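Q: Got a minute to go through this model with me? I'd like to start with how the helices pack.

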Amino acid sequence: MKRPSQSSPTKFKSFSDLLPYLADEEKARELFEAIRWPHGAFCPHCRASRVYRINRPGRWKCGECRKQFSATVNTVFEGSHIPLSKWLHAIFMMCTAKKGVPAKQLQRELGISYKSAWFMCHRVRLAMDQSPLFERLGGKGGIVEIDETYIGGKASNNKHRGYKPKPKAIVATMVDRSGPARTYPVPHVKRRPIEWLVRRSVDPDTNIATDGHAAYKRLEWFFKSHQSVDHDKEFVRGIVHTNFAESYHSLLKRGVFGIFHHVSDKHLPRYLREFEFRWNRRELADFDMLTQAIQGAGGKRLTYQRPISRRGRSRKDGSPARSTTGNPLT
Ligand SMILES: [Zn+2]
């Protein structure tokens, strides 16, 4: 499977090249439009290319259906009152910080409310969700490592009276040694869900490397080969190891423990997509990642009611309800 390719319409060499766009809303909008419409503006309502600017900043009108639109229509940024220059800044930060950016930091750096920063993070995560549905990892001669990890703190570390420990979330990761990774939450590490997930995500002509967990025992039935290392005895045997997957988990855990402190089960898949996005593009320049995140925002919408639960009510200071978001301080 190929890595996502480079596709930035504007060439930047360093963060200082981006600064003029962060300080000038007009320039930010032009950059945003150039990324969103690399082959020229088109109408998001009827996809006609006969469109023209009207006398309002950032507004366009369609020559076919006569509707007005802007570059943010039909993207995760639609309806946002936050200037595009701040969106660019937030996306750049989230693309370049290997372990993620806390909403609190965005709040301080962009001078916006915590609620806006929190919601921005979730919208950018949705834009970063770009895993192809049908393209499989591995392939002829390829090696895919499969490993699982547990996300969450130790129950013994929580000294609150009456605290009932919840089971930790389990994440299964498949890493193609020559390219991308995919991560999914799984209910438990048992043979059936793991086999179902791996068969759905990995090409049958692939060599599989795992640890000695019993859930992986039958993978040799479905793939070209399956070799495992028993971590009680050895970690590497020639090319058989799960070091790539463990390195991925290490980044993910440092992000969850060190940056976000806690991620609720409900939001975990979106955080996983964020880490996957960065890992799969780790060889791209920062600005190409920014470009791809903006291009991935098309055709998606996220409203504030969706990230919080139906029952969740905002608190007086505008931040999301504690019980529904896991940790409101992330
Ligand atoms: Zn139109």
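A: Sure. This is a predicted model, and a good place to begin is where Leu18, Tyr21 and Leu22 of helix 1 meet Ser85, Leu88, His89 and Phe92 of helix 3. By class, that contact has five nonpolar residues, two polar ones and no charged ones.

Q: What's the crossing angle for helix 1 and helix 3, and how do their axes sit?
A: Helix 1 (residues 15–23) and helix 3 (residues 84–96) cross at roughly 145°, and their axes come within 7 Å.

Q: Left-handed or right-handed, when helix 1 passes helix 3?
A: Left-handed.

Q: And helix 3 with helix 9, at what angle do they pack?
A: About 120°, with the axes 9 Å apart. That crossing is right-handed.

Q: Which residues meet there, between helix 3 and helix 9?
A: From helix 3 you have Ile91, Phe92, Cys95 and Thr96, and they meet Asp286, Met289, Leu290, Ala293 and Ile294 of helix 9. The contact divides into seven nonpolar residues, one polar and one charged.

Q: Ile91 caught my eye. What is Ile91 in contact with, leaving aside neighbours within four places in sequence?
A: Val124, Leu290, Ala293 and Ile294.

Q: OK, on to the cores. Which residues touch the most other members in the largest nonpolar core?
A: Ile91 again, along with Val124 and Ala293, in a core of 39 residues. Helix 1, helix 2 (25–36), helix 3, helix 4 (103–110), helix 5 (114–128) and helix 9 (286–295) each supply at least two of its residues.

Q: Which helix gives the largest share of this core?
A: Helix 5, with nine residues.

Q: What about a second core, which residues does it include?
A: It's separate from the other one and has 29 residues, including Ile194, Tyr216, Leu219 and Tyr271.

Q: Switching to sheets. What's the strand order in the open sheet of five?
A: 6-5-4-7-8, with mixed pairing. Strand 6 (181–186) and strand 8 (225–229) are at the edges and have a single partner strand each, so one side of each has no neighbour in the sheet. From one strand to the next, the twist averages 25°.

Q: Where's a parallel pair, and how many bridges does it have?
A: Strand 4 (residues 143–151) and strand 7 (residues 207–211) pair in the parallel sense over four bridges. Ile143 has Asn207 in strand 7 as its bridge partner.

Q: Which strands does helix 6 touch as it packs on the sheet?
A: Helix 6 (residues 191–201) touches strand 4, strand 5 (169–176) and strand 6, and its direction makes about 150° with that of strand 6. Helix 8 (residues 268–280) packs on the sheet too, touching strand 4, strand 5 and strand 6, and its direction makes about 165° with that of strand 6.

Q: And the open sheet of three strands, parallel or antiparallel?
A: Antiparallel, in the order 1-2-3. Strand 1 (51–53) and strand 3 (68–69) are the edge strands, pairing on one side only. Three bridges join strand 1 to strand 2 (residues 60–62), and Val51 stands opposite Cys62 of strand 2.

Q: Last bit, the overall picture. How many helices and strands does the protein have?
A: Ten helices and eight strands. Buried residues make up 37% of the 330 residues. Of the contacts with a separation of 6 or more, 61% are between residues 24 or more positions apart.

Notes:
Residues are numbered from 1 along each chain as its sequence is written. This is a predicted model: local features need pLDDT of at least 70, side-chain atom pairs count only at pLDDT 80 or more; totals for chains, interfaces and linings use all residues. Axes are lines fitted to C-alpha atoms, for helices over the stretch in contact, and angles run from 0 to 180 degrees between N-to-C directions. A crossing is left-handed if the near helix is turned anticlockwise from the far one by less than a right angle, and right-handed if clockwise. Two residues are in contact if their C-beta atoms, placed from the backbone, lie within 7 Å. Ala, Val, Leu, Ile, Met, Phe, Trp, Tyr, Cys and Pro count as nonpolar, Asp, Glu, Lys and Arg as charged, and the others, Gly among them, as polar. A nonpolar core is a set of buried Ala, Val, Leu, Ile, Met, Phe, Trp, Tyr and Cys residues joined through C-beta atoms within 7 Å. A residue is buried if 20 or more other C-beta atoms lie within 10 Å of its own, exposed if 12 or fewer, and partly exposed in between; C-beta atoms are placed from the backbone. Two strands pair if DSSP finds at least two bridges between them.
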